[in-house]
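Let's take a friendly walk through this model, going from its sheet to its core and then to a pocket and a helix. Have the structure open beside you as you read.

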Amino acid sequence: MICKLTDDFEIRKFPQESIYLVRIASLASVYGFSHDFAAFFAQYTNGACTAVISYLDGSATLAALDSADFEELSMFFSAKGFSSLLCSADFDSFQSYETGVIMSARGGAKYSGGARLAEDYETLMRVFELSGAPGDFKCWYADIKRRISRHGALCAVSFSENTVASCAVFSNIANGGAVLSCVATAPEFRGRGLASDCVRLLLSEASQTVYLMREDGKNESFYTKLGFKNTGRWRIYQ
């Protein structure tokens, strides 16, 4: 049985540590349960909660236990639809998907470098430009500011020659864990360790596990040097 949630009780007590649960819990904290564009669900199998799901503007995320009823989940997503579905590669349900590696690192290390946290308009505009984020800046800015103001996101930047040269972003934060979703440096400032500095600052701000998603064969060495290890595989159905 899959039910729509009206509070975060099942999400808070869900017995799993994963990039998917951090994302779902963060979205629930930031957006709540009263908006049409954000919805949350739980699956119950034999009386126990075995999966939690978030929808944000049609983009779904699934956190599921091994005991989940995956046939029921497949039927649910087929009926409800989605623009994208982020989940573990263990959920083998639809044909068209992208896949890659999950890496994770423990947060909480002390930081003494030159990067700083930022949330002002001009700096975030530069972060938007560096990141190559799709869509309109005003929409992106409104979303990231809401997340930052509700402790659901953080942005770190490094300066060089009086300009924002590099950035890193936690797009989701929940229960001390976080999702690192963007690391970027302007071409003319690469090779100076500025991106690493931004990531280290963000890692110092997290008290639990920090996750990221990368493509196969890309950036493994960079993140390994920062303490990340390969810990799983993600899948995004389109």
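Two strands pair if DSSP finds at least two bridges between them. By that rule, β3 and β4 are an antiparallel pair, joined over 6 bridges. Please keep in mind throughout that this is a predicted model.

**The sheet as a whole**

In total, 12 strands make up an open sheet with mixed pairing, in the order β1-β2-β3-β4-β5-β12-β6-β11-β10-β9-β8-β7. Its edge strands are β1 (2-4) and β7 (116-117), each of which pairs on one side only. As background, strands of a sheet pair through backbone hydrogen bonds, either parallel or antiparallel.

**Two hairpins around β3**

A good place to start is β3, which spans residues 48-56. On one side, β2 and β3 run antiparallel and are joined by 8 bridges. Within this pair, Thr 45 has Ala 48 of β3 as its bridge partner. The hairpin of β2 and β3 has 2 residues between the strands, and Asn 46 takes a positive phi near 55° there.

The antiparallel pairing of β3 with β4 brings Ser 54 and Thr 61 of β4 together as bridge partners. These two strands also form a hairpin with 2 residues between them, and in its turn Asp 57 has a positive phi of about 50°.

Why is β3 largely enclosed by the rest of the structure? Of its 9 residues, 8 are buried, so the surroundings cover most of the strand. The cut-off behind that reasoning is a relative accessible area under 20%.

**Further along the sheet: β6, β11 and β10**

Strand β6 (residues 97-106) pairs with β12 in the antiparallel sense over 8 bridges. It also runs antiparallel to strand β11 (residues 209-214), with 6 bridges joining the two. Strand β11 in turn is joined by 3 bridges to strand β10 (residues 177-185), and here the strands run parallel. Some of the residues that stand opposite each other are gathered below.

| Residue | Opposite residue | Strand of the opposite residue |
|---|---|---|
| Gly 100 | Trp 234 | β12 |
| Ile 102 | Gly 232 | β12 |
| Ser 104 | Tyr 211 | β11 |
| Arg 106 | Thr 209 | β11 |
| Ala 178 | Val 210 | β11 |

Like β3, strand β11 is well covered: 5 of its 6 residues are buried, so the rest of the structure largely encloses it.

**The largest nonpolar core**

Which residues have the most contacts inside the largest nonpolar core? They are Ile 11, Phe 14, Tyr 20, Phe 40, Val 52 and Ala 63, in a core of 28 residues. The elements giving two or more residues to this core are α2 (19-31), β2 (38-45), β3 (48-56) and β12 (229-237). The helix α2 gives the most, with 10 residues.

Ala 63 is a handy residue to click on. Apart from neighbours within four places in sequence, its contacts are Phe 14, Gln 16, Ser 18, Tyr 20, Leu 21, Ile 24, Thr 50, Ala 51 and Val 52.

**The second largest pocket**

The second largest pocket has a volume of about 350 Å³. Its lining consists of 20 residues, and those nearest the centre are Gln 16, Ser 18, Tyr 20, Ala 64 and Ser 88. Two or more lining residues come from each of α2, β4 (59-64), β5 (84-88) and β12. By character, the lining divides into 11 nonpolar, 5 polar and 4 charged residues. Tyr 20, named above among the core residues with the most contacts, is thus also one of those nearest the centre of this pocket.

**Two residues of helix α6**

To finish, look at helix α6 (residues 194-205), where Leu 202 has its place. Leu 202 has a relative accessible area of 0%, so it counts as buried. Beyond residues up to four places away in sequence, Leu 202 touches Leu 117, Leu 154, Cys 155, Ala 156, Ala 168, Val 169, Phe 170 and Leu 180. Between Leu 202 and Val 127 there are 15 Å in space, C-alpha to C-alpha, and the two are 75 residues apart in sequence.

Ser 196 is found in helix α6 too. Is Ser 196 buried or exposed? Ser 196 is buried, because its relative accessible area is 14% and the cut-off is under 20%. Leaving aside neighbours within four places in sequence, Ser 196 is in contact with Phe 222 and Leu 226.

Methods: Residues numbered from 1 in each chain as written. Predicted model: local features only at pLDDT ≥ 70, side-chain atom pairs only at ≥ 80, totals over all residues. Heavy atoms only, no water. Core = buried A, V, L, I, M, F, W, Y, C linked by side-chain atoms within 4.5 Å. Buried < 20%, exposed > 50% of the residue type's maximum accessible area, 1.4 Å probe, protein only. Helix = DSSP H or I, 4+ residues; strand = E, 2+ residues; numbered from the N terminus. Contact = heavy atoms within 4.5 Å. 1 Å grid on protein atoms, 1.4 Å probe; cavity = no way out; pocket = protein on both sides within 12 Å on 5 of 7 lines; lining within 4 Å. Points joined across faces, edges and corners; volume = space filled by probe spheres on them. Nonpolar A, V, L, I, M, F, W, Y, C, P; charged D, E, K, R; others polar.
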